[in-house]
Amino acid sequence: MELAEPDLISLFSPFLKDDRLKLVSLMDHTPGQRQWTDMHHYRVYVTGKRGWSNEKVDGMLDHLLERQQTNAATNRREVVRLCRESPHPIPLATHDDTTIEHVTEGVEEGVTMSEFPTTMDAARAAHQHKLKIIMGAPNVVRGGSHSGNVSAVELAKHGLLDVLSSDYVPASLLHAAFLLQSQGFSLSRAIATVASNPATLLGLHDRGDIANGLRADFIRVRLIENFPVILGVWKAGRQIA
């Protein structure tokens, strides 16, 4: 959830009693820090992707900074409090950690995941604090971060990658998992980043592995010219595709 959003608490509160709520990510995408520390890279990205002029970018930056200064810190404290007091456990993730201080802040709040750390220092700190490290599968597929930050492959090489997220590109999950083999991951360890590891983190104990007593959700895959192609899909033991 975006911590700088003025109406965040009123938007979030109705979901607290829904047992489908499995994760809360503490996000702040305000340019100038975390994901967008490199403002030149941010301007290139926004003007290219959205076609904005530099003048429009300047106006938006002023608005976003004001919104962050007014809302982010207060909202963060309140969200953490609400999650801690929830009648059912809600795992917390800290998002786009850039500094060791960002990681430490999350640890003090009780987070269990570091989602998309942007630097090697932040990832190492997260690992030292036993946080599970999540990176985007598209980062692996494209060979680097679109924001100019540390790559998921670099973290994988240093043993600092536990989970891959679809990050808005679901098809990237399977492709990225197979690409991890070229970084020294065994196939089982690579598939765990998109199956058993995230299931365990989110308390989905009925899935994530092929084992007796679990849901029997699985896919049949064949590598064709080094690209994984799905040949069959089973849900709860019944083939659906």
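The buried residues of helix α8 pack against α6, β5 (163-165), α9 (187-192), β6 and β7. In this predicted model, α8 spans residues 172-179 and is mostly covered, with six of its eight residues buried. Those buried positions are Ser 172, Leu 174, His 175, Ala 176, Ala 177 and Phe 178.

Two of the elements that α8 meets, β6 and β7, belong to an open sheet of three strands, arranged in the order β6-β7-β8 with antiparallel pairing. Strands β6 (218-224) and β8 (238-239) stand at the edges of this sheet; each has a single partner strand, so one side of each is left without a neighbour in the sheet. Helix α8 packs on the sheet through contacts with β6 and β7, and its direction makes about 125° with that of β7. Strand β7 covers residues 227-235 and pairs with β8 over two bridges in the antiparallel sense. Trp 234 has Gln 239 of β8 as its bridge partner.

A further sheet contains β5, another element against which the buried residues of α8 pack. This open sheet has five strands in the order β1-β2-β3-β4-β5, and the pairing is parallel. Here β1 and β5 occupy the edges; because each has a single partner strand, one side of each is left without a neighbour in the sheet. From one strand to the next, the twist averages 30°. Within the sheet, β3 (residues 113-115) runs parallel to β4, and three bridges join the two strands. Glu 115 has Ile 134 in β4 as its bridge partner. In general, strands of a sheet pair through backbone hydrogen bonds, in either a parallel or an antiparallel manner.

Helix α3 lies across β1 and β2 (92-95) and runs at about 155° to β1. Both α3 (54-84) and β1 (24-26) supply at least two residues each to the largest nonpolar core, a set of 39 residues. The other elements that each supply at least two residues of this core are α1 (8-12), α5 (120-128), β4 (132-136), α6 (137-142) and α7 (152-157). Within the core, Phe 12, Val 24, Leu 26, Val 79 and Leu 155 touch the most other members. Leaving aside residues up to four places away in sequence, Phe 12 touches Met 1, Leu 21, Val 24, Val 79, Leu 82 and Cys 83. A second, separate core has six residues, among them Tyr 42, Val 57, Leu 61 and Leu 64.

Two loop residues merit attention for their backbone geometry. Most residues other than glycine have a negative phi. Asp 96, in the loop between β2 and α4 (100-109), has a positive phi near 55°. The phi of Asp 167 is also positive, near 45°, and this residue is found in the loop between β5 and α8. How are the two aspartates classed by accessibility, as buried or as partly exposed? Asp 96 has a relative accessibility of 3% and therefore counts as buried, the cut-off for that class being under 20%. Asp 167, at 26% relative accessibility, counts as partly exposed. The loop holding Asp 167 leads back to α8, the mostly covered helix that packs on the sheet by touching β6 and β7.

Methods: Residues numbered from 1 in each chain as written. Predicted model: local features only at pLDDT ≥ 70, side-chain atom pairs only at ≥ 80, totals over all residues. Heavy atoms only, no water. Core = buried A, V, L, I, M, F, W, Y, C linked by side-chain atoms within 4.5 Å. Buried < 20%, exposed > 50% of the residue type's maximum accessible area, 1.4 Å probe, protein only. Helix = DSSP H or I, 4+ residues; strand = E, 2+ residues; numbered from the N terminus. Contact = heavy atoms within 4.5 Å. Pairing = 2+ DSSP bridges. Axes fitted to C-alpha atoms, helices over the stretch in contact; angles between N-to-C directions.
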